[in-house]
Amino acid sequence: MLVIPALFAAGAATAQTKDPVVDNIVKEETENSQLVPLAKQLFDGIGPRLVGTPQMEKAGQWALEKYKDWGITARYEKWGDWRGWERGVSHIDMVTPRVKSLEGTQLAWSPGMKKAVTAETIILPEFADSIAFQKWLPAVKGKFVMISMLQPTGRPDYNWTEFATKKSFDKMKADRTAQTDAWRKRISNTGLTARSLPPALEKAGAAGVVTSNWSAGFGVDKIFGAYTKKTPTVDIALEDYGMLYRLTEGGSKPTIKIQAESKELGAVPTFNIVGEIKGTEKPDEYVMLSAHFDSWDGGQGATDNGTGTLTMMEAMRILKKVYPNPKRTILVGHWGSEEQGLNGSRAFVEDHPEIVANLQVLFNQDNGTGRVVNISGQGFLNSYDYIGRWLSKVPANIREQITTNFPGTPGGGGSDFASFVAVGAPGFSLSSNSWSYGSYTWHTNRDTYDKIVFDDVKNNAMLTAILVYMACEDPAKTSRDKIVLPINTKTGEQTKWPAQTKANRHGGFE
C-alpha cells in the first residue's frame, strides 16, 4: 500500500499554473463564486430534501432551471417511486407539573394527527422477559411512552476531556457504558427490537412514542424515520427529554401535549437529476461528478449532502464557462434516495450500462462541508497513476492538503461512489475534513446553513473542476485492473470485491 502524505497549506488558490484552463477555473471560483446564493436558495428557500416529499420534487425542478440558466443540458430521470409524505407543524409542550414548550419534532414519515393530544408520560420499565412485557403492555393505553435511555450527561466527551478530572471522566464513562448495556437489555427483554417496539406500543393503544436520539454533541439529535402508522413518534432533545424522564421517574406524572401535523401523499416519483456537457472528440466516454441530492429532514440537509450537491453544481457551472468543449462527455449525477440505500445511483448503474462501461472516472463528495483531505484508490491497481497525474495540475495550496492512499481497498457502501465500484467502474470519494460532521451535522437537527464553511466548499469546487478537466483531457483511458484482496483471517477465504446491489424502486411502504 502506497500512502502519500501531504501538508495543509492555507489561503486561496491564486498561484498561476502553466495551464490556462486551470488558471481560469481558479479565477472564476475566486472572483465569481455562486455558492452563497445557491446555498440560500436551496437550504433556506426550499429546505431539506427527504425522498418522497414535495421539497425533494421542488429542489429537482430548481436544479433543472439552474442548469438551463447556465446553458447546460439536464434531465429528470424517474427510476421508481416512494412513499410520499409532507411534514407539517410540530408542537410539543409540557402541561404539568408546569408549562414549558419542549424542543422536539416528529420523525420523518410519522403519521399525522387530526388534533392535539394531551396525555401522561410513562417510561418503558425493566422486564424479566417478553411474557412480563406482554402483561404490562395494556398499561400504555392513552399514554405517551418514553423508550430512550436517560443520558447521564449532555456534555460531549471533548468537553469532559478539557475540564474534568481523569477520575471523574472515567467514572462517567463507566456509568454510561453500564446504563447503555442495561437499556439494550431492557429493550431486548421485551422480545422486540428498537424497530418493532413502537408498532407494538401503537397497537396496544399508546397515545404516541417519545424518543431522544442524542448525537453526542451539545443540543444535537439524530432525526430518522418513524415506525408507527397511526400514532405519532417524536424526538425530544436531550435536555428536555432528561427533564421529562426525571419528572416521570420521580412520580410527578407529567403530562405533555403533542400536535404533529403531516400528510400522506401516496406513491410519488423518485428521480435523479443528470446534467451533461457533450464531449467533442470522445463523446461516448464519460467523466462524472456525483453527489446525492436527498437528505434527512431534521435540519436543512446543508452538509449532508447539500454542500456536496453545490460543489458539483458549481464545478459544472465553471466548466461550462471556461471549458465548454471537453474532449470527453462530462456528466453530473444528483442522486435520489441515497439515505435509504444508495438507490438513485444503483438505479443509474442498472439503467445505463453503456455509460458505466465507458466511464473514465467518477468523483463523489458526501461527508460534510470540509475541504477534501483524502482520496483513496478504491482498490484499483493503477489508480495512483492517473489520479496522480491529474492531481499534479491542481494548485499546490489545494493539492498539499490531500493525503492519497493507493491502491486502497474497495468501498462497499457509505455513499454513491460504491454503486460504481461494485461493478468495477472507477468511482472515487473526495473525502472531507471533519468539522465535527459525525456528531453535529450528519443526519441531525443541526444540519443547517450556518454550519457551511464556504472557503472549504470553494476549495472543493475548484479541485473537482480541475480533476474533471484533467480526466477529460487525458489521452489514456483509465485502467480498471483491481488489486487481489487479502485472505480473511477469520474465515480463511479470499475476500471478495463488493457485490452489486439492486435499487429499491418502490420504497417506504414496508
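Helices and strands are taken here as DSSP runs, of at least four residues for a helix and at least two for a strand, numbered from the N terminus. The structure is a predicted model, and in these terms the protein chain has 16 helices and 16 strands.

The overall dimensions were computed for the chain as a whole. For 510 residues, a compact globule would have a radius of gyration near 24 Å, and the value of 25 Å found for the protein chain agrees with this expectation. Along the principal axes, the C-alpha atoms fill a box of roughly 75 × 50 × 45 Å. Of the 510 residues, 56% are buried. Among contacts with a sequence separation of 6 or more, 84% join residues that are 24 or more positions apart. The exposed area of the protein chain is about 21,400 Å², of which carbon and sulfur atoms supply 54%. Charged side chains number 58 positive and 56 negative, and the centres of the two sets lie 4 Å apart.

Two residues were examined for their surroundings, beginning with Asn382. This residue is placed in the loop between strand S13 (372-376) and helix H12 (383-391). Its relative accessible area is 22%; Asn382 is therefore partly exposed, since the buried class ends at 20%. When neighbours within four places in sequence are left aside, Asn382 is in contact with Ser479 and Asp481. Ser479 is 97 residues away from Asn382 in sequence, yet the two C-alpha atoms are 6.3 Å apart in space. The side chains of Asn382 and Ser479 also form a polar contact, at 3.1 Å.

Thr309, by comparison, is located in helix H9 (residues 302-322). With a relative accessible area of 1%, Thr309 is buried, because this value falls under the 20% limit. Beyond its neighbours within four places in sequence, Thr309 is in contact with Leu42, Ala291, His292, Phe293 and His334. For His292, a polar contact accompanies this: a polar atom of the Thr309 side chain lies 3.2 Å from the backbone oxygen of His292.

Backbone geometry was considered next. Most residues other than glycine have a negative phi, and most peptide bonds are trans. Cis peptide bonds nevertheless occur in the model, including the one that joins Thr96 and Pro97, for which omega is about 5°. Pro97 lies in the loop between strand S2 (73-96) and strand S3 (100-101). A cis bond also runs from Asp304 to Asn305, with omega near 0°. Asn305 is found in helix H9, the helix that holds Thr309.

Positive phi values in residues other than glycine include those of Ala216, near 65°, and Trp435, near 50°. Ala216 is situated in the loop between strand S7 (208-211) and strand S8 (233-236). Its relative accessibility of 38% places Ala216 in the partly exposed class. Trp435 is found in the loop between strand S15 (427-432) and helix H15 (437-440). With a relative accessible area of 47%, Trp435 likewise counts as partly exposed, because exposed residues are those over 50%.

Methods: Residues numbered from 1 in each chain as written. Predicted model: local features only at pLDDT ≥ 70, side-chain atom pairs only at ≥ 80, totals over all residues. Heavy atoms only, no water. Rg over C-alpha atoms; globule rule 2.2 N^0.38 Å. Buried < 20%, exposed > 50% of the residue type's maximum accessible area, 1.4 Å probe, protein only. Contact = heavy atoms within 4.5 Å. Areas by Shrake-Rupley, 256 points an atom, 1.4 Å probe, with all protein chains shown as cover. Lys, Arg positive; Asp, Glu negative; His and termini not counted. Charge placed at Lys NZ, Arg CZ, Asp CG, Glu CD. Polar contact = N/O pair within 3.5 Å; in protein donor to acceptor, adjacent residues only side chain to side chain.
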